[in-house]
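Visitor: Hi! Could you walk me through this model? I'd like to start with how you name its pieces.

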Number of protein chains: 2
Amino acid sequence: MAHLTDQEIAAQADIKPIEGIAEKAGIPHDALEMYGKYKAKVDIHKIEGNEKQSKVVLVSAMNPTPAGEGKSTCTVGLADAFNQLEKNVMVALREPSLGPVMGIKGGATGGGRAQVLPMEEINLHFNGDLHAITTANNALSAFIDNHIHHGNELNIDPRRITWKRVLDMNDRALRQVVVGLGGPTRGVPREDGFDITVASEIMAVLCLASDIIDLKKKLADIVIGYTYDREPVTVGQLEVQGALALLLKEAIKPNLVQTMEGTPALIHGGPFANIAHGCNSLIATNTARKLADIVVTECGFGSDLGGEKFMNIKARKGEFAPDAIVLVATIRALKMNGGVAKKDLGEANVDALKEGIANLEKHIENARKFGIEPVVALNDFVTDTDEERDFVLNWCKDQNVRVSLTKVWEKGGEGGKDLAEKVLEVLDEPQNFKHLYENELPIDQKIEKIVTEVYGGDGVIFTDKAKKQLAEIDRHGWGDFPVCMAKSQYSLSDDPTLLGRPTGFKVTVREVVAKAGAGFVVALTGDIMTMPGLPKVPSAVHMDVDADGNSKGLF
Amino acid sequence: MAHLTDQEIAAQADIKPIEGIAEKAGIPHDALEMYGKYKAKVDIHKIEGNEKQSKVVLVSAMNPTPAGEGKSTCTVGLADAFNQLEKNVMVALREPSLGPVMGIKGGATGGGRAQVLPMEEINLHFNGDLHAITTANNALSAFIDNHIHHGNELNIDPRRITWKRVLDMNDRALRQVVVGLGGPTRGVPREDGFDITVASEIMAVLCLASDIIDLKKKLADIVIGYTYDREPVTVGQLEVQGALALLLKEAIKPNLVQTMEGTPALIHGGPFANIAHGCNSLIATNTARKLADIVVTECGFGSDLGGEKFMNIKARKGEFAPDAIVLVATIRALKMNGGVAKKDLGEANVDALKEGIANLEKHIENARKFGIEPVVALNDFVTDTDEERDFVLNWCKDQNVRVSLTKVWEKGGEGGKDLAEKVLEVLDEPQNFKHLYENELPIDQKIEKIVTEVYGGDGVIFTDKAKKQLAEIDRHGWGDFPVCMAKSQYSLSDDPTLLGRPTGFKVTVREVVAKAGAGFVVALTGDIMTMPGLPKVPSAVHMDVDADGNSKGLF
């Protein structure tokens, strides 16, 4: 098996018709809309059940490294382990973005024996959700430019349009463009840029909406830019929220697929975890909560980034709480956090582990800060040594935190049973979930609280621009929104080179932007890339498809 | 019924589960990939049958006018009429483009009682085909810019990149743009532009491919631009034809839907009829030919444009011939061709009819030039008078051409039975199909032949630029390609204001561009718009969706 790619392992899996998976999940047949034999959209109006009786297990992680931690793999494997323990379980995941699939080895479908299927279709186009979001996003751009072209009744300042176009593509040449060139029949010239689709506010809105009516309301609230008088202009003023919601009427339905071991999985929505909140849709999570006793779900990057946003944005808007938190760590990532270069990770190095484990320590503290007891999942890797394993396991015992050596990549659910049992212990204990802040706290103090309590920093520096924006946000009545931090995923600080557990740092907030549709305020720190680029040799050159439609080169 | 919109009529229709439609069509159940309850993709490898025993009825038309002729409506109604006559019939249509749906009242799903269902899903996203084409097209653009960014090994001249980006959107501000701005991390600055997706060569390639292996070969042949030494650069040189084909592996499968009367319909592909060849996919037509005794299909605009290309491009590449041609005409369109303004079309005007009918006369001659006997379908409209109807019917008799007054909009298949019976007469007669030219004829002479014989012009003027391009096309070995004319649809000439049957005109060819992937040479005449714009009040502002996902504002 060591020589098989994830795609080859997936191709050998015994995939079952999705009707059977739906039946197992308790989804009535008439709620299914088939997309081929192995995927279906689910009509949520036909799902019954009480989501309040379900337990939510959130899979988060230490800070990620270029070595890869396998959070999706652990999420899938943990769900399969619950399945093997005969629990009524569902997994709720994010949808992969096509851009990175074409660019670098990647995908969000897990790996080894802990994958979701059909991996090719999930990695490519997947029921059209991201395409629908791309289309709605760019339709809005076309409506804006068209409005200006036809007389600009709303007095939109073309220099202050904040709404960007998007493509589900890694395309650096589109980061900064000028549109509307070529004379009066070709619109009004202005600067613009393309983000990757998952960075679109429409993705965030779709993931936070409770249903299509709520979606329409949130779409109407999106601010597309400002007038010459600096007043916000909304989608509602352009009167196109109905058309945008119509374009999203299928995309808002969660997608049912299966793990390699036949556990029902809902994969739906995938907002960028560094600029948006980085969790699968609220609709998918709530649908899973209605159907299953245990819902395993993940959030983007570490507990400082996706984890904090899960608690303060998604759980708040969804009015629910996680009942347990799993923190994925690997010995390789801990060693990198202890100063080892990627090329040296194959060598045993307990000293580096001792340094790097301070990173994990902070993530454990973070889970407890939200009132939830974590379980550390030490995701086993072939180069790990027994001495290294023992160090981490013993360290966890000293910290009084549950830990499990998981082998889900190699063994699937069987390799996650111990982890599942430890998570069950937490689920049996009462937890005391709390948000980090109340909505009423001013935005700058919310940011201050996140930086000092979750990142472990000393404070926040607001640029003059950010200060002006904070005042405007107050003036427009958006001060009650939760904050969505845009920060490097690699460090607890805003400096990606500060690994381990940095202290004595301040975080610089260079811009503060309200996303009135999604209902949060984005605080930008450092350089956050919203349109990735391709490497010199994109993975696309290794991709192929044969006469029978079998693909090659996906991972 | 006069007060119901097409969408309201469609919503009242008795739509049947697609499995039953497939069974009726003779499609085995395991060849079906469901997309919801009423749409399916068809695995063509599982379809058996002899396409040579099938008869193909091509629905073409007189030159279109802003009054609308109802060609799709007649195509659907004619198929339903055959169905009522208990013929084994299938209809093969083009997919609508989302851009115009958002912009102006429109859609390609027919009208009244002659529509294909489910109309909303066909008009919006329709199984993701156009999104897959958009994605493949823009992935190629990203690969090109990425290649240049990373050292430009192929020596591509950024000023001579002919490959444009696309969106399935009406967005005039994207017609001419500059990309790659913002410094070295944001690519190499260059001029670019966006076409609407249906104008992408990838759409043309998909529609002319016989299977996915042929698709990959055609994709590899696409020329994306030229080197600094003026040599063509192909997709094959970028080594991404496999990745592009992989992105299209679902889009290449034809889509099965149904008419309002339960006739099986394949809707697949929709290349622009003015810059590309304007017909549904060869795969869909050939699949329908394997399954049905009679296949009713359409082509874009009039017999001069889509009709000529159907004969000289699609039928040639597919090695088949149409067995009958229906020419759709309306009294309103004939009057407009006789000089009546749109606002005056409600008034009877036999004198204008007498003038305008010369347009129809030329289209009848054109069908006969290809060796196929036409049947005129006079598509009835509520403002037509008996005197006007009688004039057209009598005129056709004088011309010795079959004619039928069809009422498919009002009555569905019942209103097209007389037309169907007249088409059956033609199908019983031997036809003598011939292409207008052989592949070996030089490109300029092919164009000359189309202009003089099909348009009725006196000859062709080639600009200096076109002459240079013709020489280059010869040098690169593309001289054997058929020609794909890009011309105004409104006139037989290249001047959209010359209605009726103009004579004594010459056509100016301003550019000649080889599409080596699609395998044709595009001859550009006049101003051909490849990215439409939106009107001041786009139809999007009337669109909406309710809590149950029911839509409003589609037509």
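Guide: Happy to. Helices (H or I, at least four residues) and strands (E, at least two) are DSSP runs, numbered from the N terminus. This is a predicted model, where local features need pLDDT of at least 70, side-chain atom pairs count only at pLDDT 80 or more, and totals for chains, interfaces and linings use all residues. Residues are numbered from 1 along each chain as its sequence is written, chains are lettered from A and ligands numbered from 1 in the order in which they are written, and side-chain values use heavy atoms, with hydrogens and water left out.

Visitor: Great. Where is Lys253(A) found, then?

Guide: Lys253(A) sits in the loop between helix 10 (241-247) and strand 14 (255-259) of chain A.

Visitor: Buried or exposed?

Guide: Lys253(A) is buried, at a relative accessible area of 17%. Here buried means under 20% relative accessible area, exposed over 50%, and partly exposed in between (1.4 Å probe, protein chains only).

Visitor: And what is Lys253(A) in contact with?

Guide: Setting aside neighbours within four places in sequence, Lys253(A) is in contact with Glu33(A), Lys41(A), Val42(A) and His268(A). Contact means heavy atoms within 4.5 Å. With Glu33(A), the side chain of Lys253(A) also makes a polar contact of 3.1 Å. That term means a pair of N or O atoms within 3.5 Å; within protein, one must be able to donate a hydrogen and the other to accept it, and residues adjacent in sequence count only if both atoms are side-chain atoms.

Visitor: Which residues are linked with Lys253(A) in a network of salt bridges?

Guide: The network links Lys253(A) with Glu33(A), Lys249(A), Glu250(A), Glu120(B) and Glu121(B). A salt bridge is a side-chain nitrogen of Lys or Arg within 4 Å of a carboxyl oxygen of Asp or Glu.

Visitor: How many salt bridges over all chains?

Guide: The count comes to 72 over all chains, and eight are found across the interface of chain A and chain B. One that joins the two chains pairs Asp544(B) with Lys216(A), at 2.6 Å from N to O.

Visitor: Nice. What about a pair inside chain B?

Guide: Try Glu429(B) and Arg402(B), whose closest N and O atoms are 2.5 Å apart. This pair links distant parts of the chain, 27 residues apart: Glu429(B) lies in the loop between helix 17 (417-428) and helix 18 (443-455) of chain B, and Arg402(B) in strand 19 (residues 402-406) of chain B. Glu429(B) is partly exposed, with 31% relative accessible area.

Visitor: Back to the interface. How many residues of each chain are in contact?

Guide: 74 residues of chain A touch 74 residues of chain B. Between them the chains bury about 6100 Å², 63% of it on carbon and sulfur atoms. Buried area is the accessible area (1.4 Å probe) that two parts lose on being put together, summed over both.

Visitor: And how many polar contacts between the chains?

Guide: There are 37 residue pairs in polar contact between chain A and chain B, both residues at pLDDT 80 or more. On the chain A side, the largest share of the residues touching chain B, ten residues, comes from helix 6 (residues 129-149) of chain A.

Visitor: How are the two copies related?

Guide: A rotation of 180 degrees, with 0.0 Å of shift along its axis, superposes chain A on chain B at an RMSD of 0.1 Å. The two copies are thus related as by a two-fold rotation axis. In chain A, Tyr35(A) has the C-alpha nearest the axis, 2.2 Å from it. The superposition is by least squares on the C-alpha atoms of residues with pLDDT of at least 70 in both copies.

Visitor: Switching topic: why is helix 8 of chain B described as largely enclosed?

Guide: Because seven of the ten residues of helix 8 (residues 212-221) of chain B are buried. Among them are Ile212(B), Leu215(B) and Leu219(B). The cover over its buried residues includes strand 24 (544-545) of chain A, along with helix 7 (201-208) and helix 10 (241-247) of chain B.

Visitor: What caps its N-terminal end?

Guide: Asp211(B) caps helix 8 of chain B there, with a side-chain oxygen 3.1 Å from the backbone nitrogen of Ile213(B).

Visitor: Last one: what does the side chain of Arg501(A) make a polar contact with?

Guide: The side chain of Glu365(A), at 2.8 Å. Arg501(A) is in the loop between strand 21 (483-486) and strand 22 (506-515) of chain A, and counts as partly exposed at 29% relative accessibility.
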